Each structure stands twice: as C-alpha cells, then as structure tokens.
Amino acid sequence: MAAAPRIAKRLAAWWEANARDLPWRFGRATPWGVLVSEVMSQQTQMSRVVPYWQAWMELWPDASALAGASTAEVITMWGRLGYPRRALRLQECAQAVSERYADELPRTYERLVALPGIGDYTASAVMSFAYGKRVAVIDTNIRRVLSRVFLGKESMGGAASAAERALANTVLPQDPSASVMWNQAVMELGAVVCAAKKPLCERCPIAGECLFLESGLPGLGEKRTRPRQRFQGTDRQVRGIVLNALRGLSSEHASSQPRTTAAASRAHAAAPRSLPREQVESLWKDHVQLDSCIASLDEDGLIEILPDGSLRLPR
DNA sequence: TTCCAGTCAA
DNA sequence: TTGACGGGAA
C-alpha cells in the first residue's frame, strides 16, 4: 500500500485528462441530481443513463417535484432502463426527502442509507460525489481495480468482504478533495480501462504499479460470480413485456425512449388507460406464468389489476 | 454469453 | 448468503 500516494497522483492526472463529460459531474448537478444519477446507474451502463437522467431532471428537478408526480408517469419515464422497482423506490425516496427533510437531501451516510432504494454504494457515492466527504466508495469497478492493483488477484463475487473494505479505506487519500477524485478515477478506470474480461493494460496509467499485471494477470476472466439466470423465457422477461405494454397506454405519444418535456406533460395530464384482459393474454402464451408475473407486478406496486381483469399503471 | 456506478427480502 | 430483479451492448 506504500505505492498508494504515487498511484493516486498518476490517477488524478489521468482523470483530469480522460474523465467522461457526464452531465451530473463537475459540480453541475444538485445533490439530489447526483443521487438520481447513482440510482439510475445501479447495474446499468452510464451511456444508457445519460438521456434518461436529462429528461428526468428536466421534468422533476428536485425531490418535491418527483414526490408529486403520478406513479404511472414515473414508471413511464423510467422507460426501458431496467429494474423498474428502482423508479418506485426513487419516488418513495423523494417523498421521504420532501416530507422528512424539507426537500433537502440529508448530509450523513446514516440518514442517506435509511432512505428507500439507497444502499451502501449509493449512500457512499452521494457522500463523496455530492458532498465532497472522505468516504470509501465500494462498487464492482473499485473492488476489481483495487484487488488487481494492490493484491494482484481478481476480487471474488458476492458481498464486499471486510478485507476489501479495509483495503479501500487504507488506500483512500486523506485529503477529502483528493479522496473524491480517487473514488471517481478508480471507478472510471474500472469502467473504461481495467475492464472485467479485457483490461486495456497498454492504456492504463498505473500499469507500472499493478501487481496483477506484474503477476501475468492470473485468473483473468475466471468465473467469479454465480451463473446468471437466462433472460429469455424468465419471469423477468414476462414482467418487462407486461410493463412495456402498459407504458404504451399512458399517452398516444408513448415510446420506449425518454420523451420530450411537452410529451411528458401530456402524459401527466392523460389518465392512464387500462389494458383489457383479452389483450393481456395475448402478451404471453404461458398463462400460468403470465398470471404469476402479473401478481408479482401487482405486489410490487408496479401495476394495478382492475375488477374486470384489465391492467393499468398505478395512479 | 457475460457484464454492468446495486438493493432488498428471505 | 443467496436469489430475484431488466435490458442492452460487446
């Protein structure tokens, strides 16, 4: 770890020259905007997040604005970002911030992590990126980079171990401002250079300090997470199909892309229509699975089932 | 096929 | 600790 200060210096220079120009970076977003970007980025590539974040923040610039939106509109604006329960949690989070904290995002980790949909990563990211506090951020990129550089091996799957957290805290620069840049730079390096399967070591600013490279990339690409569930034919796919059909109902201008402000206004004004049972059944051949998914969507609060069996987004 | 700025419930 | 939870890109 003695090399950490030297690595931090190289990384800082690399960050200054190579940081992607994302709209919520470089002090251009409010703390709430930063939080929204982090929630949208959970398990989702940044490149896909940008247009959604811009449309979202234009429509709902602060927590109280989002708190006052209809659930149907929130789900519609979430579009095809994936994991739509995140949209529900984000609105619940907005309502909590609006009501409990007078529309001002809390400034402590403990209060942030207590909000709906905000876990350890997002709370830490907001503390660091929005408030400039010295907090170790632990995400999949940082875990991979730190494990490779300082331990010379791949990080294991599953939850971050105590050892990983200790490492992250040990190598984090003492100066708060430097710690923020460190978090962002390490994360960025993991995203664009120190990739999971094909690291671009020839373009890495700290290749000369990397124990993993020095050891010959032992176990690179080795399966270290449990096998992922196939998507085709799963409940996740069916849920997505049902939800997408309902999203298309909210307004005549519905689309899978982030809508314009004007179109969003019309969606807000229009009462969400419902999808007749007959059309619901045409969505998926296996009706047992279909009904199971409809029930789970209902339990999640993502849809409503009307007495006649038709479906709609919650009002 | 795998991976991606994770969170939550069981 | 494990499984469920979207969808798209390489």
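Axes are lines fitted to C-alpha atoms, for helices over the stretch in contact, and the angle between two of them is taken between N-to-C directions on a scale from 0 to 180 degrees. In this predicted model, the axes of α2 and helix α3 (residues 46-59) are 9 Å apart and the two helices pack at an angle of about 140°. The arrangement of α2 relative to α3 is therefore oblique, since angles over 145 degrees would be needed for a roughly antiparallel pair. The crossing in which α2 passes α3 is right-handed. On the α2 side the contact is formed by W32, G33, V36, S37, M40 and S41, and on the α3 side by M46, V49, Y52, W53, W56 and M57. By class, the residues of this contact between α2 and α3 comprise 9 nonpolar and 3 polar, with no charged residues.

A second helix pair is formed by α5 (residues 71-78) and α6 (residues 85-100), whose axes come within 9 Å and cross at roughly 130°. Helices α5 and α6 are therefore oblique to each other, and their crossing is right-handed. Residues T71, V74, I75 and W78 of α5 meet R86, A87, L88, L90 and Q91 of α6. The contact of α5 with α6 contains 6 nonpolar, 2 polar and 1 charged residues.

Beyond α6, the loop between α6 and α7 (109-113) contains Y101. When residues up to four places away in sequence are not counted, Y101 touches A96, P106, R111 and L115. The C-alpha atom of Y101 is separated by 31 Å from that of R247, a residue 146 residues apart from Y101 along the chain.

Helices α9 and α11 pack with their axes 8 Å apart, at an angle of about 90°. Helix α9 is therefore roughly perpendicular to α11. In this contact, α9 contributes N141, I142, R144, V145, L146 and F150, while α11 contributes W182, N183, V186, M187, L189, G190 and A191. The residues of the contact of α9 with α11 divide by class into 9 nonpolar, 3 polar and 1 charged.

Both α9 (140-151) and α11 (176-192) also take part in the surface near DNA strand B, to which they, α2 (31-41) and α8 (120-130) each supply at least two residues. There are 27 residues around DNA strand B, of which R25, G117, T122, N141 and R144 come nearest. Two of these, N141 and R144, are also among the α9 residues in contact with α11. The residues of the surface near DNA strand B comprise 8 nonpolar, 10 polar and 9 charged.

On the DNA side, sugar or phosphate accounts for 64% of the atoms of strand B within 4 Å of the protein, and the rest belong to bases. Individual polar contacts involve both parts of the strand. At the bases, an N or O atom in the side chain of E38 is 3.4 Å from a base nitrogen of DNA strand B, and a polar side-chain atom of Q45 lies 3.1 Å from a base oxygen of DNA strand B. At the backbone of the strand, a phosphate oxygen of DNA strand B lies 2.9 Å from a backbone N or O atom of G119.

Definitions and conventions:
Residues numbered from 1 in each chain as written. Chains lettered and ligands numbered in written order. Predicted model: local features only at pLDDT ≥ 70, side-chain atom pairs only at ≥ 80, totals over all residues. Heavy atoms only, no water. Helix = DSSP H or I, 4+ residues; strand = E, 2+ residues; numbered from the N terminus. Parallel < 35°, antiparallel > 145°, perpendicular 65-115°, else oblique. Left-handed = near helix turned anticlockwise from the far one by under 90°. Contact = heavy atoms within 4.5 Å. Nonpolar A, V, L, I, M, F, W, Y, C, P; charged D, E, K, R; others polar. Near = heavy atom within 4 Å. Polar contact = N/O pair within 3.5 Å; in protein donor to acceptor, adjacent residues only side chain to side chain.
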